[in-house]
Number of protein chains: 4
Amino acid sequence: MRRKRGFASDNNAPVHPAVFRAMESVNTGHAIGYGDDPFTAGATEKVSALFGTDARVYFVFTGTGANVLSLGAAASHSWESVLCAETSHIQEDECGAPEKFTGNKLIPVEPVHGKLTPEGIERHLYGFGFEHHSQPRVISITQATELGTVYTTEEIRAITSLAHEKGLVVHMDGARIANAAASLGVSFSEMVTDAGVDILSFGGTKNGMMFGEAVIILNPSLDQGFKYIRKQGMQLASKMRYIAAQFDAYLENDLWLTNARHANQMARMLEKEVQAIPGINIIEPVQANGIFAVIPEKMIRPLQEEFFFYVMDERRSLVRWMTSWDTTEEDVISFSSLIREMLTR
Amino acid sequence: MRRKRGFASDNNAPVHPAVFRAMESVNTGHAIGYGDDPFTAGATEKVSALFGTDARVYFVFTGTGANVLSLGAAASHSWESVLCAETSHIQEDECGAPEKFTGNKLIPVEPVHGKLTPEGIERHLYGFGFEHHSQPRVISITQATELGTVYTTEEIRAITSLAHEKGLVVHMDGARIANAAASLGVSFSEMVTDAGVDILSFGGTKNGMMFGEAVIILNPSLDQGFKYIRKQGMQLASKMRYIAAQFDAYLENDLWLTNARHANQMARMLEKEVQAIPGINIIEPVQANGIFAVIPEKMIRPLQEEFFFYVMDERRSLVRWMTSWDTTEEDVISFSSLIREMLTR
Amino acid sequence: MRRKRGFASDNNAPVHPAVFRAMESVNTGHAIGYGDDPFTAGATEKVSALFGTDARVYFVFTGTGANVLSLGAAASHSWESVLCAETSHIQEDECGAPEKFTGNKLIPVEPVHGKLTPEGIERHLYGFGFEHHSQPRVISITQATELGTVYTTEEIRAITSLAHEKGLVVHMDGARIANAAASLGVSFSEMVTDAGVDILSFGGTKNGMMFGEAVIILNPSLDQGFKYIRKQGMQLASKMRYIAAQFDAYLENDLWLTNARHANQMARMLEKEVQAIPGINIIEPVQANGIFAVIPEKMIRPLQEEFFFYVMDERRSLVRWMTSWDTTEEDVISFSSLIREMLTR
Amino acid sequence: MRRKRGFASDNNAPVHPAVFRAMESVNTGHAIGYGDDPFTAGATEKVSALFGTDARVYFVFTGTGANVLSLGAAASHSWESVLCAETSHIQEDECGAPEKFTGNKLIPVEPVHGKLTPEGIERHLYGFGFEHHSQPRVISITQATELGTVYTTEEIRAITSLAHEKGLVVHMDGARIANAAASLGVSFSEMVTDAGVDILSFGGTKNGMMFGEAVIILNPSLDQGFKYIRKQGMQLASKMRYIAAQFDAYLENDLWLTNARHANQMARMLEKEVQAIPGINIIEPVQANGIFAVIPEKMIRPLQEEFFFYVMDERRSLVRWMTSWDTTEEDVISFSSLIREMLTR
């Protein structure tokens, strides 16, 4: 029988109690809709403070929404292109929402362990000024990556430097940005603002929130009517106070960091438990809260029956196991024990 | 000093306690993301049952999202057009999201008290088969309307009959559908399914929910890959259980009806209180939870300072006052007393 | 039996011999594609000179293409709106191409004899800065209008003044701009550049050319990457020299003016011939090369059998008769005689 | 001084005299606009006959237009994707027009000598039914390819078989389809219709025409309102007879074949002349009318000064030389002599 808990995705976890209580605390009286309320003002300021006083913060509903609207702001002309990793969420998992909404061309670039490199990017930087060619405009990186790896601050700087030198801007998909910051032990400000990122999708849903992400514009020249982009992109919440309250709690006492550290720690514990098991081959460095492993094909189905998880590539028997803020040591032990048992049966 | 409560919009009210408790009750353990969970299955069935067993139900985030995706499903070719009232939300208040997402042309039709009429519609039904002309495909009506009026079931039938006879389909924007059903004293099924509506935006946020609406496809031929439309339209929630739980509570014990009836009743009470005041001219029939009145221009600002509300048309000093599930008789008394006092000072 | 010649549309006429010869004259040797050739350079300069030295000229294929790309340049954000006459080509006859390509909302405004008025426009100038409302950005006027009328230079100025005062820009659909200029007896520069128009669709196909129109940007701030807009909009000709040659001949010795004057004169002759016939009711002032008349319903079909023409509104038996550069006095006489005969039979 | 003639592109050549004379022959009298004329009817039938009686033929303006509208017809839902070669025109040289118009995601696939292979395609055929992933729908191949190579009929069949088996359809970009058919010595019908292609961009501009291409729909289920797609896509010519006349002449007495054979022959002659020159490295099989060679970097500029041509990849000093219907043996001799002279100086 399938367990109630597992390693399918960090978005399978519930809402952290502190976040839930914050939502409850604003559930009284009237508040003007669409963000013109004191809760939103407060949360906006709190988020902004993490990234520097010039950061402009817009709450939206989903990670895909945050990414698509960010690209719409960064590559505001439909004839521009977005370079991204072949494995990126915007390329693989958003059903073409970026192209649909922005008209931009997405150019998949071969990554190394899920990360773009300046060399990989440069191969696609050509055709500037040539009207037949989509004009390279945005480099989009994901931190932590879709393969559970993390860019160092220096790696980010190398990409933003290249981008700015060539007249491009950099978008960061931060669906798991907390896990990355926790992994590197740096502040958001160091890893994002100071590292030269121009626009950020700041996620919280995978780390203890219910819904609601933020687009954070660090390069003010990209803030050309973003409030209209958000409304036209169907990402403007009427009862905004319930997103604001979540962010408020998420940032209070570094809840984001506590949650992310825990998830990362559980991933490393799981890594340690399974890496020694013959037949399990972890193929990406475990730097955040995800493990990517090639496992015996015949084991996939029975293991899924007890703990649901996703297969990334059927041909290679590549699977993904994610930990979350609520993963327990018992979860890890019972999962890894089951794997060991299955492989030594 | 501005009051904490007022008549600005029904979306300024908080979440109904029963809805909130339902969200809390699902906040435990893991649930597969994106709607593949038992809570979503249950709520989907519950909503569907209200509209007939063939109804297909898709949860989304916002009313604009529900409308735009519905139009995308109903007018699936960008060369088709959507007829709607000049005063409709899709024409006036969605920042062009329908055109952006669908490519369709919206054709504003002159309404009578916010309602489309067959005669008004027919004036725009031409150019069929003429490739230079956007092909008429959808008639979109709002129930209750943006002017606080309600279509009778017969009026809806007249429009759906005309539409189907001409090969068009009918979309209903039901952001305030509960208020309309309460006003008419009919079931959703009578007012929507049996009346021939093809696709519906089913709203709850304005009547006690936190966020989350549903697209309900009653004409199965319009369900061509709607799950992709929803994802590409950035309206797919990862932690869907928290929308499902809201709908579950909203339909339990007819909470939707209790809430809507109350809001309607408060609107009628307010109407009664203010209609006799010289200088207040209510210009639309009060059939749901909104009052549209022309008031003395010099009174607008001072009144807004105490009770915030929106001016619909500055030139005519036309204002809107909305009641909600949490409006109290005291709210109505204190607001109408203040108006009376201001006008007789 | 249907005649080979008629009054259906000015685009039914052939190419003027001088234009054709010019195309032949460039049909030798190689020329770099996509406009990087001396013929294009020459013709561009010649067109530009008509509108002032700052005018930027881009050749495209069709009138719809010129309009849509102009709107794309003028309302470069999809959340902006375009005000246009209810009877305008962009609203009625382009199959929604503007919405599809730009994402903009088109707002049809009630015209007076096909012309927008400042009063009509002002009723739609609201919601500035309100993110729920498409932001008014472009006023599009057609000169000569789709109803055969012509804006005076003063009328154009009144509209451009209003537009600029409110932060909007003005697009002119000049599919029949030559007929308008001939009618007013003014230069393009007076009627367009000096009158404050920001961007123009400059047509020639209806006045003796084969294909090819020009987008002329008079307000340089609207020229943000127009070459990419043209390519992405599928309006960049590879063998551009054959468009250039046409414009070259069209402007040589004021061929455009000779042609347009003749067409206008034929329209007035036709007006004179038919206005006295009982049963024929010309309902729009004949100011360019089109006649709009209400005629007996039973006469439409038999008349069309001999001279094809379009019915504008079946309910009112409103028909349109267009003259062109090649209409002869004999054409007018034989057509009007037939009408007279039919009505007095 | 730069020569008047060269090897830059087959679209630098003039219009073939027979095509020009045909345009002249229709330049008399009136013809109903937008294709409702006898010339268009005749040419449509003539083109259709080449591909089988079920072929539906729509004339458009440009190759990019033909490709984009074809994709719009083949992948009619914006959440679908198009697989194409990394080197394809739709991926590299249309400024993102496909994404802009269709909303589809384009997925670049690694080609072998410019050609897709079933193996390359299969690596991208996954995610069917998964709403997060753009649904694979179209495989687009170019015949002859952008690298001057030609798919054999068997290679085409292998791709269409794979496509149809998986529920996809195949688009062929036939900008140089005449060169391919001439190279293979097969009929269009064998190479396209019988080989299972679903929709075709049929080009003529690069082989003796002035402008005008055709979209040919071979799979009738893809013809869902194509006339509206064409109009909304700004590719409907008003004076269609001038496109029709060109196609008429182009197909008369196999002019297309004579022209293409000649161009191909000139390419092979040039290949023969230069392949023996030390320093010239032809890197793609010369199967149509293009030569792709890596040449000494320092020679590029001076050679371009005399004969203009395009550099495909600056890093590798890869250049492209195209022959056309009007290339002469003298052109080839003088060009190859110059190269030889430069390299042995």
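**Entry 1: chains D and C**

I began with the area shared by chain D and chain C in this predicted model, and the two chains bury about 4600 Å² between them, with 59% of that on carbon and sulfur atoms. On the side of chain D, I noted that D:His30, D:Met234 and D:Lys239 supply 19% of the area this chain buries against chain C, which is more than any other three residues contribute. I then listed the contacts and found 54 residues of chain D touching 54 residues of chain C. How many salt bridges does the rule find across the interface of chain D and chain C? I looked for them and the rule returned zero.

**Entry 2: how chain D maps onto chain C**

Next I superposed the copies, and a rotation of 180 degrees, with 0.0 Å of shift along its axis, places chain D on chain C at an RMSD of 0.0 Å. Which residue of chain D has the C-alpha nearest the axis? I found that of D:Phe101, which lies 3.5 Å from the axis. I also checked whether the two copies use the same surface, and they do, since 100% of the contact residues of chain D recur in chain C.

**Entry 3: chain A against chain C**

I repeated the superposition with chain A, which can be laid on chain C by a turn of 180 degrees and a shift of 0.0 Å along the axis, with an RMSD of 0.0 Å. I recorded this as the relation of a two-fold axis. Here, too, the same surface serves both copies, as 100% of the contact residues of chain A recur in chain C.

**Entry 4: helix α14 of chain C**

I then turned to a single element, helix α14 of chain C, which runs over residues 329–344. This helix has 16 residues and reaches 22 Å from its first C-alpha to its last, close to the 22 Å expected at 1.5 Å a residue. Which residues of α14(C) are buried? I listed C:Asp331, C:Val332, C:Phe335, C:Ser336, C:Leu338, C:Ile339 and C:Met342. They lie on the same side of α14(C), because they cover an arc of only 150 degrees around the axis. The face turned away from that buried side carries the exposed residues C:Glu330 and C:Thr344. Finally I asked what covers the buried residues of α14(C), and the cover includes α12 (255–275), α13 (297–306) and β11 (318–322) of chain C.

Definitions and conventions: Residues numbered from 1 in each chain as written. Chains lettered and ligands numbered in written order. Predicted model: local features only at pLDDT ≥ 70, side-chain atom pairs only at ≥ 80, totals over all residues. Heavy atoms only, no water. Least-squares fit on C-alpha atoms with pLDDT ≥ 70 in both. Contact = heavy atoms within 4.5 Å. Helix = DSSP H or I, 4+ residues; strand = E, 2+ residues; numbered from the N terminus. Expected span 1.5 Å × (residues − 1). Buried < 20%, exposed > 50% of the residue type's maximum accessible area, 1.4 Å probe, protein only. Arc of directions from axis to C-beta. Buried area = accessible area lost by both parts, 1.4 Å probe. Salt bridge = Lys/Arg side-chain N within 4 Å of Asp/Glu carboxyl O.
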